[in-house]
There are 2 protein chains.
Amino acid sequence: MELARIFELEARDGRARAGRLILPHGEVPTPVFMPVGTRASVKTLDCRDLQELEISMLLGNSYHLYLRPGIELLTRAGGLHAFMRWPGPLLTDSGGFQVFSLGDLRKLREEGADFRSHLDGSRHLFTPESVVDIQRGLGSDVMMQLDECPPGTCSEEYAAASLERSARWAVRARRAWEESRPLHGHPQALFPIVQGGVYDDQRRRSMDLLLQQDWPGVAIGGLSVGEGKPDMRRITDLCGRELPAGLPRYLMGVGTPEDILESVALGIDMFDCVLPTRNARKGTLFTSQGRYSARSARHSESFDQPVDPACDCFTCRHYDRAQLRHLFHVEEFSAMRLGTLHNLRYFLQLMEGARQAIRAGCYAAYVEQTLAPYHRPKGGGAEGAAAS
Amino acid sequence: MELARIFELEARDGRARAGRLILPHGEVPTPVFMPVGTRASVKTLDCRDLQELEISMLLGNSYHLYLRPGIELLTRAGGLHAFMRWPGPLLTDSGGFQVFSLGDLRKLREEGADFRSHLDGSRHLFTPESVVDIQRGLGSDVMMQLDECPPGTCSEEYAAASLERSARWAVRARRAWEESRPLHGHPQALFPIVQGGVYDDQRRRSMDLLLQQDWPGVAIGGLSVGEGKPDMRRITDLCGRELPAGLPRYLMGVGTPEDILESVALGIDMFDCVLPTRNARKGTLFTSQGRYSARSARHSESFDQPVDPACDCFTCRHYDRAQLRHLFHVEEFSAMRLGTLHNLRYFLQLMEGARQAIRAGCYAAYVEQTLAPYHRPKGGGAEGAAAS
């Protein structure tokens with residue numbers, strides 16, 4: 001079966017790449033950060049917020065959507081795009097990560113993953129095939145195969161057996177994809193997921209197995225799941241070197257500004273993470289001067305000082321740090337939304353800056369300048385690293 | 001001392017009045033509903049939401065603002081308008097209602113009200129004078145005197161003694177107002193508050209005492225605090241008949257669409273209530289077809305059906321009942337904001353409709369038509385009355 005190509009490479013700077021995903025709901029400049037819209041909504045935001053942030057691609061979580069409001073309902077609604085009023089490109093995960101995070105509530109076998117709902121304990125089975133069906137119902141532009149995502153500390157033996165099963169599941173997912181049709185009038189791409197833990201040989205084995213078939217893009221899973229930063233960096237480096245240049249590479253669940261910019265330098269094109277949204281709800285904001293705690297009493301009287309003078313987000317244009325500190329202090333819900341608007345805009349601007357720097361051939365300098373405030377020791381100009 | 005008049009009466013229909021408050025931060029068409037911005041924020045909303053809702057006047061709570069972020073900070077910020085980025089007219093209450101709601105945490109004496117903070121138990125004293133100072137710091141367009149608000153079930157003897165003290169406090173507040181100057185460059189009006197419980201003679205006594213001085217407007221307190229609807233209606237009727245026609249009349253803390261429209265018919269001009277915002281956060285929405293529960297499973301698949309086809313709010317223009325039901329069901333914060341946007345717009349449209357009807361001389365027909373869905377028996381076209 002001939003696959004439509006969805007990726008155009010436009011520029012390189014070292015191994016960093018700028019390109020473009022061409023998807024049914026629009027074109028996506030890369031490198032791209034996809035905010036997470038877990039339950040048909042980016043937490044705290046409305047549909048206009050998504051437009052005004054200039055988000056180019058969103059991620060939806062199959063596991064959560066499968067449980068509530070349910071795939072049949074979403075299918076009847078016209079898919080996830082229609083239900084959540086999001087007209088742009090959408091990627092859905094396979095639900096595998098959430099299922100494997102359930103611990104004792106799930107059981108793995110060759111057929112798929114049995115699990116109990118975290119909401120009501122009801123029993124469910126995800127198979128490579130059913131997860132393709134789910135994503136057909138959702139109508140995402142890019143679907144992911146069901147894979148197993150073992151912890152970052154698993155043994156090489158476990159990683160080897162697990163990646164082999166994930167590779168078999170990729171073949172089954174691919175067959176289900178070929179044998180099914182889109183339900184909402186547009187084609188959907190399917191990505192396989194490289195696994196293999198922190199073991200170079202196993203990662204190579206995973207890539208060999210998966211790349212026996214042709215794909216429109218490929219994801220790297222099983223990172224940022226408890227392994228150390230050096231392992232994460234080494235495996236990203238390896239995959240960045242050895243994956244085919246023509247495929248967009250999606251590093252799942254990563255990460256901090258530091259991790260993202262360093263991974264772009266290693267050849268990664270796509271990212272998603274709950275970090276900017278989750279941290280925002282707790283009051284930890286990312287700025288051009290480093291992280292800062294919006295709750296801190298030191299900002300009580302920072303009148304007329306925006307969160308980040310370099311930012312053009314709604315919050316930075318309309319609020320000062322004093323007001324935001326008050327709203328977080330008294331625990332107004334609006335504070336969580338204002339923080340989310342800022343953090344997402346910061347991440348989106350970070351990616352746009354990366355893209356421009358790659359095209360201009362000055363990516364290394366961009367990274368150095370952008371991350372400098374994040375590397376200052378605690379007690380320096382910024383407030384040091386907050387929990388992430 | 002010569003008082004500037006702040007109210008122009010424009011039209012009457014029966015005893016219902018349409019007019020205009022002329023205040024330093026703008027003109028306010030009456031009858032007016034003031035959304036409650038408890039802690040320098042209308043819960044869940046941002047500063048642009050307030051503009052887009054076309055709110056003409058907001059209420060702020062002195063008690064909450066006094067505790068957090070504190071009056072000194074707000075004074076340094078340039079007042080509450082500057083701090084919360086609200087450019088329009090603002091009324092602040094005296095904090096009395098919140099203090100008297102503290103029960104055992106407060107103690108009343110002639111000087112004022114001793115109380116312990118509900119946050120940290122710290123001791124504070126509100127006097128008629130200190131409460132004027134607080135509102136000077138806040139810089140509201142309209143300030144309220146400190147009064148005692150006894151429960152709706154208090155005895156006539158208690159009501160009599162209490163209204164006399166509130167009247168003495170009005171004199172003291174008035175003197176503090178005359179002897180103090182605005183801190184933020186614009187004049188501030190001060191309203192006294194009629195008390196006297198559910199007793200006609202005591203209400204008359206309160207009006208007599210207060211109206212020995214000249215005021216720019218007058219409030220009616222001590223209603224919607226546990227007395228029955230017939231008592232509330234009778235006292236509102238009495239005050240509406242006997243208060244001077246030239247003063248705007250503000251019925252504090254009222255209420256439902258029914259209570260508001262019926263009170264307008266009795267000559268009331270100004271209202272505030274947490275009902276639309278608090279109910280919205282729980283998923284109870286007001287519509288031209290009556291109340292409905294946005295959480296109800298019966299709306300799971302109400303695709304393309306807005307909350308209220310007659311409404312022009314953000315939520316009704318961008319969301320359907322199915323999506324909103326999902327967001328409430330999974331407890332997304334965004335649901336509370338979307339509900340708040342709708343309910344406030346409903347109340348504001350209700351008042352605009354009342355004003356137009358009064359000017360057109362068809363207020364009674366407007367009330368009948370508007371409230372019909374609210375009076376239908378349960379199981380009829382609407383869902384019957386939700387808890388309010």
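This is a guided tour of a predicted model with chains A and B, moving from the pair of chains to the strands and domains of chain A.

Before selecting anything, note that residues are numbered from 1 along each chain as its sequence is written, and that chains are lettered from A and ligands numbered from 1 in the order in which they are written. Because the model is predicted, local features need pLDDT of at least 70 and side-chain atom pairs count only at pLDDT 80 or more, while totals for chains, interfaces and linings use all residues.

**The two chains**

Begin with both chains displayed: a rotation of 180 degrees, with 0.0 Å of shift along its axis, superposes chain B on chain A with an RMSD of 0.0 Å, where the copies are superposed by least squares on the C-alpha atoms of residues with pLDDT of at least 70 in both. That is the relation of a two-fold axis. To find the axis in the viewer, select B:Phe333, whose C-alpha, at 3.5 Å, comes closest to it among the residues of chain B.

Next select the interface, in which 32 residues of chain B are in contact with 32 residues of chain A (contact requires C-beta atoms, placed from the backbone, to lie within 7 Å). On the chain B side, at least two residues each come from helices H1 (47-52), H3 (71-76), H4 (80-84), H13 (321-329) and H14 (333-360); helices (H or I, at least four residues) and strands (E, at least two) are DSSP runs numbered from the N terminus. H13(B) supplies the largest share of that side, five residues. By class, the side of chain B that touches chain A has 15 nonpolar, eight polar and nine charged residues, with Ala, Val, Leu, Ile, Met, Phe, Trp, Tyr, Cys and Pro counted as nonpolar, Asp, Glu, Lys and Arg as charged, and the others, Gly among them, as polar. Since 100% of the interface residues of chain B are also interface residues in chain A, the copies meet through the same surface.

**The hairpins at the start of chain A**

Now hide chain B and select residues 7-13 of chain A, strand E1, which pairs with E2(A) in the antiparallel sense over six bridges (a pair needs at least two bridges found by DSSP). Here A:Arg12 stands opposite A:Arg17 in E2(A), and in the two-residue turn of this hairpin A:Gly14 has a positive phi of about 65 degrees.

Continue along chain A to strand E3 (residues 26-30), which runs antiparallel to E2(A) and is joined to E2(A) by five bridges; the hairpin between them passes through two residues, and A:Arg20 stands opposite A:Pro29 in E3(A). Six of the eight residues of E2(A) (residues 16-23) are buried, so this strand is largely enclosed by the rest of the structure, buried meaning that 20 or more other C-beta atoms, placed from the backbone, lie within 10 Å of a residue's own (exposed is 12 or fewer, partly exposed in between).

**The parallel sheet**

Select next the open sheet of five strands in chain A, ordered E5-E6-E7-E11-E12 with parallel pairing. E5 (36-37) and E12 (189-191) stand at its edges with a single partner strand each, so one side of each is left without a neighbour in the sheet. At the E12(A) edge, E11(A) (residues 142-144) pairs with E12(A) in the parallel sense over three bridges, and A:Val142 stands opposite A:Ala189.

**The two domains**

Finally, colour chain A by its domain assignment, domain 1 (8-273) and domain 2 (293-366), bounds that come from an automatic or database assignment. Their centres, taken over C-alpha atoms, are separated by 28 Å, and their contact takes 24 residues from domain 1 and 17 residues from domain 2. On the domain 1 side, H10(A) gives the most, with five residues.

Notes: Two residues are in contact if their C-beta atoms, placed from the backbone, lie within 7 Å.
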